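Good morning, colleagues. Please take a moment to look at the sequence and the structure on the screen before I begin.

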Amino acid sequence: MRGSAEEGLKKLNWAEGHMKVLRRVWEEDLSGRALEGERISMALHPEAKTCVLARYLARSGASVRLVACNPYSTDDDVVAALLEEAPGELEVMAWRGESEREYREALLWSLQHNPTLILDDGGDLTEIIVSRPRDFPELKGISEETTTGIIRARGFEREGRLPVPLIDVNGAKMKRLFDNRYGTGQSTLEGVLRTTNLLIAGKRVVVAGYGYCGRGIAMRMRGMGARVAVAEVDPVKASEALLDGFDVGRMEELLEGAEMVITATGMKNVVAAGHLRKLKDGVILANAGHFNVEIDLKALEGASSGVREVRDGVKEYILKDGRRVFLLAEGRLVNLVGGQGHPVEIMDLSFSLQALSLLYLKENHVRLPARAFPPRGSPSPSGRPRNIWAGVLPR
Ligand SMILES: NC(=O)c1ccc[n+]([C@@H]2O[C@H](COP(=O)([O-])OP(=O)(O)OC[C@H]3O[C@@H](n4cnc5c(N)ncnc54)[C@H](O)[C@@H]3O)[C@@H](O)[C@H]2O)c1
């Protein structure tokens, strides 16, 4: 076992003690073994808050298989505690630093118990389901956590390949207004601070993307005294950033003089090969988007004469002309790989929605077409978490 179960148990209990909404959802909706007989496959970040959710699902009668949705975001202490606790219905295959092959094997393992429900974060499980739907005859539905996973799911839906209904939890205001904005804002700052131990005040920071995550990051960086500029391709959001008081410009213009660049777009090569010549000596690059594709790592490596780890979670690339670039957390989600992920109270809301969505899929899947819910263009679900889907999803 890689982590300390004793430490993990403290982290789990601390998180659970502060997840009061989930506790209430459990008391009101899930206790009485509401998920009895369900087999749930979960691919999320297996740290304390996620493991609290997994515990509640298992307590509700489901058998649960939990794996990572990122090879570096597992908290080994917490997983060790869960394995020691061994409630029987809860199995975990995840550790920090999985190879690509191990990561893939774990995803496949999570699906080997003939799941009835999927809880996905980023769409990797959904992609496997879509590629061989006949292998999952009892699947009732999927609940997806994040923007990137929803973009992938909507693509499968457009191609008519989604085999079961999928709930876009990210589409709920109770999720994206708080998780993506305040959660990513605080935890990205924390991830940067933990990995670098450098001063934020006075730094010139460029935030790429002024969506839900980007505006949280920009807001919190400014709060710490950084001089923040925003690179955003959508002119409306770019205008919002301007009126919110940030400098706004094209990436190539803003990079000159930038001391830190943080991407949060969900798109590829936001810091691209062509940008590398603009980077200032000593610049810090970090990503908060779901996949490690936002900074062109191949181009960075190709442009470098040497790479070395200079601190846990910080890689120094020496460019061929001698400039140094510091990459945090291998270009993966800096808040989860370099920090502890979102604050507990934030994940309390997001995971309460997830628990209710799974229950909803269990109870309503027969009447739901194999589509993503809520349908495009419908009003965003809002209101108290318990009633989150009222008026949006069919009853
Ligand atoms: N780190 C975390 O814990 C966490 C939490 C929630 C979401 N996410 C992930 O963060 C990413 C962003 O999510 P979001 O909810 O903010 O999405 P969003 O759609 O609200 O915002 C993304 C923004 O990026 C802009 N953009 C796209 N390409 C760009 C480019 N090349 N340069 C500059 N701007 C560009 C878009 O116009 C959009 O405004 C996704 O991958 C999502 O899955 C991460």
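**A sheet, a residue and a helix pair**

Eight strands form an open sheet with mixed pairing, in the order β9-β8-β7-β10-β11-β14-β13-β12. At its edges are β9 (247-248) and β12 (304-311), each of which pairs on one side only. I should state at once that this is a predicted model.

Within this sheet, I would draw your attention to β10, residues 260-263, and β11, residues 283-287. These two strands pair in the parallel sense, over four bridges. Opposite V261 stands L285 in β11. As general background, strands of a sheet pair through backbone hydrogen bonds, and may do so in parallel or antiparallel fashion.

Let me turn to a single residue, S60, which lies in the loop between α3 (48-59) and β2 (63-68). Is S60 buried or exposed? S60 counts as buried because its relative accessibility is 0%, and the cut-off for buried is under 20%. Leaving aside residues up to four places away in sequence, S60 touches W26, L30, R33, A34, L35 and E36. With W26 there is also a polar contact, side chain to side chain, at 3.3 Å.

Finally, I come to two helices, α8 (residues 173-196) and α14 (residues 344-364). Their axes come within 9 Å and cross at roughly 150°, so α8 is roughly antiparallel to α14. The crossing of α8 past α14 is left-handed. Which residues meet here? From α8 come M174, K175, F178, D179, Y182 and G183, and from α14 come I346, M347, L349, S350 and L353.

Thank you for your attention.

Note on methods
Residues are numbered from 1 along each chain as its sequence is written. This is a predicted model: local features need pLDDT of at least 70, side-chain atom pairs count only at pLDDT 80 or more; totals for chains, interfaces and linings use all residues. Side-chain values use heavy atoms; hydrogens and water are left out. Two strands pair if DSSP finds at least two bridges between them. Buried means under 20% relative accessible area, exposed over 50%, partly exposed in between (1.4 Å probe, protein chains only). A polar contact is a pair of N or O atoms within 3.5 Å; within protein, one must be able to donate a hydrogen and the other to accept it, and residues adjacent in sequence count only if both atoms are side-chain atoms. Contact means heavy atoms within 4.5 Å. Axes are lines fitted to C-alpha atoms, for helices over the stretch in contact, and angles run from 0 to 180 degrees between N-to-C directions. Angles under 35 degrees count as roughly parallel, over 145 as roughly antiparallel, 65 to 115 as roughly perpendicular and the rest as oblique. A crossing is left-handed if the near helix is turned anticlockwise from the far one by less than a right angle, and right-handed if clockwise.
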